[in-house]
Amino acid sequence: MAEKLSLSRQVVSHYLSRLLEEGKVAKTATKPVYWSVISKMKTEDVFESFIGYHGSQSEIIQRCQAAVKYPPNGLNILITGQRGVGKSFLASLIYQYAINQEVIKKTPLTLF
């Protein structure tokens, strides 16, 4: 791994130890040691695929998260904008975030 990252073994070992402490990786008790990523669905990560998550749209994302978390069952959200700007995509992210926060339950699709 150190060779692939062009880092010293000591630095890689340090980073892996930190990730282990944070619960982001697991390691085996074998020789050689094998590391694996622990995949946890983080609730905030749902929005990372939204363009502008870390920049221009961060305030909008924070407002959406706050509306979902508002007690007891969240607030209604009205999404407006021009055609093709990602309203449906944002709505699907909000829906997934609400499921992850256990504000709503995931229900199977029913056809009428």
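**From the surface patch to the nonpolar core**

Met-1, Leu-5, Leu-7, Val-11 and Tyr-15 together form a nonpolar patch of about 490 Å² on the surface. The structure under discussion is a predicted model, and every value quoted here is computed from it. Within the patch, Val-11 belongs to helix H2, which covers residues 9-21. Val-11 has a relative accessible area of 32% and is therefore classed as partly exposed; since patches take residues with over 30% relative accessible area, Val-11 meets that cut-off.

Ser-6 lies in the loop between helix H1 (2-5) and H2. The backbone of Ser-6 has a phi near 60°, a positive value in a residue other than glycine. With a relative accessible area of 65%, Ser-6 is exposed.

The interior presents another picture. In soluble globular proteins, nonpolar side chains tend to be buried together. The largest nonpolar core of this model has twelve residues: Val-46, Phe-47, Phe-50, Tyr-53, Ile-61, Cys-64, Val-68, Leu-90, Leu-93, Ile-94, Tyr-97 and Ala-98. Two elements give two or more residues to this core, namely helix H3 (58-69) and helix H4 (87-100). H4 supplies the largest share, with five residues.

Helix H4 can be followed further. The buried residues of H4 are Leu-90, Leu-93, Ile-94, Tyr-97, Ala-98 and Ile-99, and these buried residues pack against H3. An α-helix has 3.6 residues a turn, so residues three or four places apart point the same way. The length of H4 can also be checked: at 1.5 Å a residue, its 14 residues should span 20 Å, and the C-alpha atoms at its ends are 20 Å apart, which agrees with the expectation.

Beyond this helix, Glu-102 occupies the segment after H4. Glu-102 has a positive phi of about 60° although it is not a glycine. Its relative accessibility is 70%, so Glu-102 counts as exposed.

Attention now turns to the charged side chains, among which there are two salt bridges. One of them joins Arg-63 and Glu-59, with a distance of 2.7 Å from N to O. Both residues lie in helix H3, four residues apart, which is about one turn of the helix. Arg-63 is exposed because its relative accessible area is 53%, whereas Glu-59, at 46%, is partly exposed. Helix H3 thus carries this salt bridge and also gives residues to the nonpolar core.

The other salt bridge pairs Lys-24 with Glu-22, and the closest N and O atoms are 3.2 Å apart. Lys-24 is partly exposed, with a relative accessible area of 33%. Glu-22 is likewise partly exposed, with a relative accessible area of 48%.

The backbone also contains cis peptide bonds. One joins Lys-31 and Pro-32, where omega is about -5°. Pro-32 is in the loop between strand E1 (25-27) and strand E2 (35-37). Another cis bond runs from Pro-71 to Pro-72, with omega near -5°. Pro-72 has its place in the loop between H3 and H4, the helices that each give two or more residues to the core.

Terms used: Residues are numbered from 1 along each chain as its sequence is written. This is a predicted model: local features need pLDDT of at least 70, side-chain atom pairs count only at pLDDT 80 or more; totals for chains, interfaces and linings use all residues. Side-chain values use heavy atoms; hydrogens and water are left out. Patches are made of residues with over 30% relative accessible area and no salt bridge: like charges are joined within 9 Å, nonpolar side chains (Val, Leu, Ile, Met, Phe, Trp, Tyr) within 5 Å. Accessible areas come from the Shrake-Rupley method with a 1.4 Å probe; for residues, only the protein chains shown count as cover. A salt bridge is a side-chain nitrogen of Lys or Arg within 4 Å of a carboxyl oxygen of Asp or Glu. Buried means under 20% relative accessible area, exposed over 50%, partly exposed in between (1.4 Å probe, protein chains only). A nonpolar core is a set of buried Ala, Val, Leu, Ile, Met, Phe, Trp, Tyr and Cys residues joined through side-chain atoms within 4.5 Å. The expected span of a helix is 1.5 Å times one less than its number of residues. Contact means heavy atoms within 4.5 Å.
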